[in-house]
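Reader: I am new to this structure and would like to understand the terms used for it. Could you show it to me, and then take my questions one at a time?

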Amino acid sequence: MRATTLDPGQLSARLTLEIREDVSDGQGGIVSGFAPVASLWARIEPVSVKQEERGAEEIFAVTHRLWIRFRDDLATGMRFRKGLRIFVVRAFYDPDEMRRYLICQCTEEGQ
């Protein structure tokens with residue numbers, strides 16, 4: 001398999017990796033939240049836009065491909081944050097199986 005080449009200068013977006021952290025609300029329930037795991041550099045590539053209507057509201061989902069340096073602790077359901085933008089990790093893979101990069105398939109929330 002050929003090595004995937006990526007100019008490290010293309011990892012130009014500073015993101016915060018977050019993990020879901022559920023906390024007790026003190027009344028037998030839970031409050032869902034997210035806690036930061038790491039700050040990292042990434043390359044963000046928009047992939048597609050899907051539009052739909054729900055009631056009188058128009059909703060759209062933007063999918064992105066995020067390139068990051070390889071890490072062992074990534075899992076689906078985690079998310080990346082860039083300011084107010086949130087990218088939820090749906091899937092990820094090592095493009096050349098050399099443990100140098102991960103490509104994350106993400107959906108942007110909060111549109």
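Reader: Why is the sulfur of cysteine 106 not in a bond with the closest cysteine sulfur?

Author: The model is predicted, so local features need pLDDT of at least 70 and side-chain atom pairs count only at pLDDT 80 or more, while totals for chains, interfaces and linings use all residues. Residues are numbered from 1 along each chain as its sequence is written, and side-chain values use heavy atoms, with hydrogens and water left out. A disulfide is a pair of cysteine sulfur atoms within 2.5 Å, whereas the sulfur of cysteine 106 lies 5.2 Å from that of cysteine 104, its closest cysteine sulfur, which is too far for a bond. A search of the whole structure accordingly finds 0 disulfides.

Reader: What makes cysteine 104 and cysteine 106 count as buried or exposed?

Author: The term rests on relative accessible area, with buried meaning under 20%, exposed over 50%, and partly exposed in between (1.4 Å probe, protein chains only). Cysteine 104 has a value of 0% and is therefore buried, and cysteine 106, with a value of 2%, is buried as well.

Reader: Why is the contact between arginine 79 and glutamate 18 called a salt bridge?

Author: A salt bridge is a side-chain nitrogen of Lys or Arg within 4 Å of a carboxyl oxygen of Asp or Glu. The side chains of arginine 79 and glutamate 18 meet at 2.6 Å, N to O, so the pair satisfies that definition. Both of these residues are buried, and the structure holds 8 salt bridges.

Reader: Which parts of the chain does the pair of arginine 79 and glutamate 18 tie together?

Author: Strands here are DSSP runs of at least two residues, marked E and numbered from the N terminus. Arginine 79 lies in strand E4 (residues 79-82) and glutamate 18 in strand E1 (residues 13-24), so the pair ties together parts that are 61 residues apart in sequence. Salt bridges that share partners also join Glu18, Arg79 and Arg81 into one network.

Reader: How do you know whether glutamate 45 is buried or exposed, and which salt bridge does glutamate 45 form with arginine 65?

Author: Glutamate 45 has 15% relative accessibility, and therefore counts as buried. The side chains of glutamate 45 and arginine 65 meet in a salt bridge of 2.7 Å, N to O, and this pair links strand E2 (residues 30-54) with strand E3 (residues 57-69), the two residues being 20 residues apart. Arginine 65, at 27%, counts as partly exposed. Glutamate 45 also forms a salt bridge with arginine 43, with the closest N and O atoms 3.1 Å apart, and arginine 43 is partly exposed at 25%.

How values were computed:
Helix = DSSP H or I, 4+ residues; strand = E, 2+ residues; numbered from the N terminus.
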